[in-house]
Amino acid sequence: MTAVELIERKRDGGTLTGNEIRWLIAEYTAGTIPDYQMSAMLMAVFIRGLNGEELTVWTESMLTSGEVLELSAIPGRKVDKHSTGGVGDKISIPLAPMVGACGVKIPMMSGRGLGHTGGTLDKLETIPGFRTSFTAGEFATLLAAHGVVLGGQSEHLVPADRKLYALRDATGTVPAIPLIASSIMSKKLAEDLDGLVLDVKVGRGAFMEEVEQARRLAETMVEIGDLRGTKVIALLTNMNQPLGREVGNASEIRESIDTLHGEGPEDITRLTYALGAEMLVMGDVATSVDEARAMLEEAVSSGRAFDKFKEITLAQGGDTAVLDNPDLLPKATNEELVTAPISGWVKRCDALAVGVGAMRLGAGRQRKEDDIDPAVGVTVEAKIGDRVEQGDVLGRIRWNDSYAYGVAAPLLTDAWEISDSPVPPSQLIIERIGAYV
Ligand code: URA
């Protein structure tokens, strides 16, 4: 078998056998198949797709390309949540301690920001000393002791995805349903989970702009979970505008702390509770989402959720002083305002423009090896449907580097559009896909 034969067959709309896919992924991971051939294959898959059988083997081959966590000795159900990526999406940070405080084990493996979407690891690492990289043994020890680990993917977990994702990013082949589904599910299945809650983003700031595409992505991932015996539930949620008010690394930690104190923005709080309730039912500690929600509210109002965040932070080497006093987190030296040109209602608060703008300020990275500036970002003061008067502040641009500010500013000042007639607020949770049994 040669890579060229397989590329040509997929290019012409044919199907690949299980053995061919296993060979392709194994040889690419080992470095025998070069990037240029795999790039051509990815583009062929991007255009032609994979059928159900091909996708199952593709995902399985990625999953077994490296080590798989073994957590069965730790009692209790292990449930994780994964977002397909968004702007201002810090939900994992308040969610994990809230759900952990209610007794579900969370072996959470998050990613770094790439492109216009932020990454949970970058945000957590603005807490001085916070470690996110662990060996499989350390990961299991932390999970057994604290019930929650907020870690990153190790070098050895799903190495095929590490290589494939970087190649997709450089070849315009990221937003393809089979490639996203296999990338996410191979990593999540390697965590030895009993259940997974997916937050599939839809809209301007998401990989999937249309509900129909996002629904197909969610259904595909639910089916992959079913075939492996892992329960998967997906919520389709709105990513036309940023989530919450803060977009930036340190400021999103501040907003997460507010949420853990019950004082977070309405959309962050609502989505955290909705995803958390699914996790508690999946984790078998609640019998309905209503009961689960009440448990989460109690964990917040009693302070147990915040205490859990402090416990996790301490266990992972972080300085808890910044959690008690978020003013100690890095702050940008300059602030510029975006103001409303006319009175009216906010019609557009563009997640993509805010995300790209924040990245250009230095909050995100365009290439994997770029450094980030934890202090810079954008505060969103007006969201879709809000009434504003001429001159009101729509957003605050917090910056340190004047060149970076110069390239980000035009995008950010153009991110809002005001209508002279009322605009309904946008729907946050669009649909739920999957079943517990
Ligand atoms: N997140 C992933 O882990 N993989 C993708 O392909 C897209 C989002």
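**Notebook: two helix pairs and two buried residues**

I began with helix α1 (residues 3-11) and helix α2 (residues 18-30), which pack at an angle of about 120 degrees with their axes 11 Å apart. That angle makes α1 oblique to α2. I note that this is a predicted model. The crossing of α1 past α2 is left-handed. I listed the residues that make the contact: A3, L6 and R9 come from α1, and E20, W23 and L24 from α2. Sorted by class, the residues of this contact are 4 nonpolar, no polar and 2 charged.

**Second helix pair**

Next I looked up helix α9 (residues 177-189) and helix α10 (residues 211-228). Their axes come within 10 Å and cross at roughly 40 degrees. Angles under 35 degrees would count as roughly parallel. α9 and α10 are therefore oblique to each other. I recorded a right-handed crossing for α9 past α10. From α9, the contact uses I177, I180, A181, I184, M185 and L189. From α10, it uses Q213, R216, L217, T220, M221, I224, G225 and R228. I then split the contact of α9 with α10 by class: 9 nonpolar, 3 polar and 2 charged residues.

**D122**

I moved on to single residues. D122 sits in helix α6, which covers residues 120-124. Is D122 buried or exposed? Its relative accessibility is 5%, so I entered D122 as buried; the cut-off for buried is under 20%. Which side chain does D122 meet in a polar contact? I found R112, with the two side chains joined at 2.9 Å. R112 also appears in the wider contact list of D122. I left aside neighbours within four places in sequence, and the list then reads R112, G113, N249, R365 and I372.

**G344**

My last residue was G344, in strand β8 (residues 344-349). Its relative accessible area is 0%, so G344 goes down as buried. I again left out neighbours within four places in sequence. G344 is then in contact with D386, R387, V388, I418 and S419.

How far apart are G344 and D122? I noted 222 residues in sequence. In space I noted 36 Å, C-alpha to C-alpha.

**Recap**

I have α1 oblique to α2, with a left-handed crossing. I have α9 and α10 oblique to each other, with a right-handed crossing. I have D122 buried in my notes, and G344 buried as well.

Note on methods
Residues are numbered from 1 along each chain as its sequence is written. This is a predicted model: local features need pLDDT of at least 70, side-chain atom pairs count only at pLDDT 80 or more; totals for chains, interfaces and linings use all residues. Side-chain values use heavy atoms; hydrogens and water are left out. Helices (H or I, at least four residues) and strands (E, at least two) are DSSP runs, numbered from the N terminus. Buried means under 20% relative accessible area, exposed over 50%, partly exposed in between (1.4 Å probe, protein chains only). A polar contact is a pair of N or O atoms within 3.5 Å; within protein, one must be able to donate a hydrogen and the other to accept it, and residues adjacent in sequence count only if both atoms are side-chain atoms. Contact means heavy atoms within 4.5 Å. Axes are lines fitted to C-alpha atoms, for helices over the stretch in contact, and angles run from 0 to 180 degrees between N-to-C directions. Angles under 35 degrees count as roughly parallel, over 145 as roughly antiparallel, 65 to 115 as roughly perpendicular and the rest as oblique. A crossing is left-handed if the near helix is turned anticlockwise from the far one by less than a right angle, and right-handed if clockwise. Ala, Val, Leu, Ile, Met, Phe, Trp, Tyr, Cys and Pro count as nonpolar, Asp, Glu, Lys and Arg as charged, and the others, Gly among them, as polar.
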